[in-house]
Amino acid sequence: MTVSAELLVSSPSLPFVRFTESLPSNQLECEHGLCLGEDSQVFVVHLDPADGVTEDDIIALDEVVGTTPLGRESGRDVYQLDVKLEDTVSEAFVPGRFAKAQTEPTTIIPEGWYEKKIFRDYESLNTMRNHCDEHGIRVDLLSITQDSPSPDEHSPYGLTARQYEALALAISRGYYDNPRQVTAGDLAEEMGISQPSMSNLLRRGERQLLTSTIGTQPQ
């Protein structure tokens with residue numbers, strides 16, 4: 001089971017966020033290795049030539065300590081940059097801490113970093129969001145989808161894939177904690193459904209689990 005999420009990562013400490021405010025297009029694309037390895041401070045950025053950015057403009061940025069032009073690809077100017085990260089960013093994105101992978105290049109806009117990532121499960125996603133929050137980096141969840149678990153994962157309990165997804169999300173987000181960490185409305189928003197539909201999924205899933213594990217009560 002994996003979880004795919006679209007995220008907006010926001011903090012004034014993130015590299016290039018302020019820079020995009022000065023670009024006519026208000027955005028740039030990049031690949032980076034944050035969380036993945038020791039070369040996490042190497043960024044490859046793709047710039048629209050219409051923005052008129054020169055190598056001198058890039059090296060003048062506070063966060064850039066080295067630049068290597070790589071030429072042009074798909075109509076964009078490409079640079080490999082050595083970037084000095086602020087301490088809060090380095091601590092938030094510790095290499096190897098999170099089980100996730102990036103599926104597309106990061107799009108950097110004035111509001112932050114727009115990213116698409118794959119996580120092992122909901123718990124991994126929430127751990128990443130909470131850890132970033134502890135370091136002053138906000139991670140807004142824009143959309144989320146889950147690969148349907150294989151039949152062997154939930155068929156012993158008779159759950160549908162959607163019931164399994166709803167219950168797994170509820171557990172990972174603290175819905176069954178005391179006190180509850182989220183509401184059914186919060187869960188519904190993450191799954192892209194209405195609150196009544198979410199509540200119905202949870203009730204049916206809970207009933208199915210109880211019936212499968214305890215059995216029907218005697219008359």
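The following exchange introduces a predicted model through its helices, salt bridges and aromatic pairs.

Colleague: How far apart are the end C-alpha atoms of helix α8?
Modeller: Helix α8 covers residues 195-213, which makes 19 residues. At 1.5 Å a residue, a helix of that many residues should span 27 Å. The model agrees with this expectation, as the end C-alpha atoms of α8 are separated by 27 Å.

Colleague: Within what arc do the buried residues of α8 fall?
Modeller: The buried residues of α8 are Met198, Ser199, Leu201, Leu202 and Gly205. An α-helix has 3.6 residues a turn, so residues three or four places apart point the same way. Seen down the axis of α8, the buried residues line one face of the helix, because they fall within an arc of 160 degrees.

Colleague: Which exposed residues does the face of α8 turned away from its buried side carry, and which helices are included in what covers the buried residues?
Modeller: The face turned away from the buried side of α8 carries the exposed residues Pro196, Arg203, Arg204, Arg207 and Leu210. On the buried side, the cover includes two helices, α6 and α7.

Colleague: Which residues of α6 are buried?
Modeller: Helix α6 has 12 residues, and at 1.5 Å a residue these should span 16 Å. Its end C-alpha atoms are 16 Å apart, which agrees. The buried residues of this helix are Gln163, Tyr164, Glu165, Ala166, Leu167, Leu169 and Ala170.

Colleague: What phi does glycine 174 take?
Modeller: Glycine 174 comes just after helix α6. Its phi is positive, at about 85 degrees.

Colleague: How far apart in space are glycine 185 and proline 196?
Modeller: Glycine 185 lies in helix α7, which covers residues 184-191. With 29% relative accessibility, glycine 185 counts as partly exposed. In sequence, glycine 185 and proline 196 are 11 residues apart. From C-alpha to C-alpha, their separation in space is 8.4 Å.

Colleague: Arginine 173 forms a salt bridge with which residue?
Modeller: The closest N and O atoms of this salt bridge are 2.5 Å apart, and the partner of arginine 173 is glutamate 190. The pair links distant parts of the chain, 17 residues apart: arginine 173 is in the loop between α6 and α7, and its partner is in helix α7. Arginine 173 counts as partly exposed at 22% relative accessibility. At 11%, the partner counts as buried, and its name is glutamate 190.

Colleague: How many residues apart are glutamate 104 and lysine 116?
Modeller: Glutamate 104 and lysine 116 form a salt bridge, with 3.5 Å between the closest N and O atoms. Glutamate 104 lies in the loop between β6 and β7, whereas lysine 116 lies in strand β8; the pair thus links distant parts of the chain, 12 residues apart.

Colleague: Is aspartate 77 buried or exposed?
Modeller: The structure holds seven salt bridges, and one of them joins the side chains of arginine 72 and aspartate 77 at 2.9 Å, N to O. Arginine 72 has 56% relative accessibility and therefore counts as exposed. Aspartate 77 has 17% relative accessibility, and residues under 20% count as buried. Aspartate 77 is therefore buried.

Colleague: How many residues apart in sequence are the parts tied together by the pair of phenylalanine 43 and tryptophan 113?
Modeller: The structure holds three aromatic pairs. Phenylalanine 43 and tryptophan 113 form an edge-to-face pair, 6.1 Å centre to centre with 70 degrees between the planes. Phenylalanine 43 lies in strand β3 and tryptophan 113 in strand β8, so the pair ties together parts whose separation in sequence is 70 residues.

Colleague: Which residues do ring pairs link into a cluster?
Modeller: Phenylalanine 43 counts as buried at 0% relative accessibility, and tryptophan 113 counts as buried at 0%. The cluster linked by ring pairs consists of Phe16, Phe43 and Trp113.

Colleague: Which residue lies over the face of tyrosine 175?
Modeller: Tyrosine 175 is buried, with a relative accessible area of 10%. Tyrosine 176 counts as partly exposed at 38% relative accessibility. At 4.0 Å from the ring centre of tyrosine 175, the residue lying over the face is arginine 180.

Note on methods. Residues are numbered from 1 along each chain as its sequence is written. This is a predicted model: local features need pLDDT of at least 70, side-chain atom pairs count only at pLDDT 80 or more; totals for chains, interfaces and linings use all residues. Side-chain values use heavy atoms; hydrogens and water are left out. Helices (H or I, at least four residues) and strands (E, at least two) are DSSP runs, numbered from the N terminus. Buried means under 20% relative accessible area, exposed over 50%, partly exposed in between (1.4 Å probe, protein chains only). A salt bridge is a side-chain nitrogen of Lys or Arg within 4 Å of a carboxyl oxygen of Asp or Glu. Rings of Phe, Tyr and Trp (its six-membered ring) pair if their centres lie within 6.5 Å; planes under 30 degrees apart count as stacked, over 60 as edge-to-face and the rest as tilted. A charge sits over a ring if NZ of Lys or CZ of Arg is within 6 Å of the ring centre and within 35 degrees of the ring normal. The expected span of a helix is 1.5 Å times one less than its number of residues. The arc is that of the directions from the helix axis to the C-beta atoms. Contact means heavy atoms within 4.5 Å.
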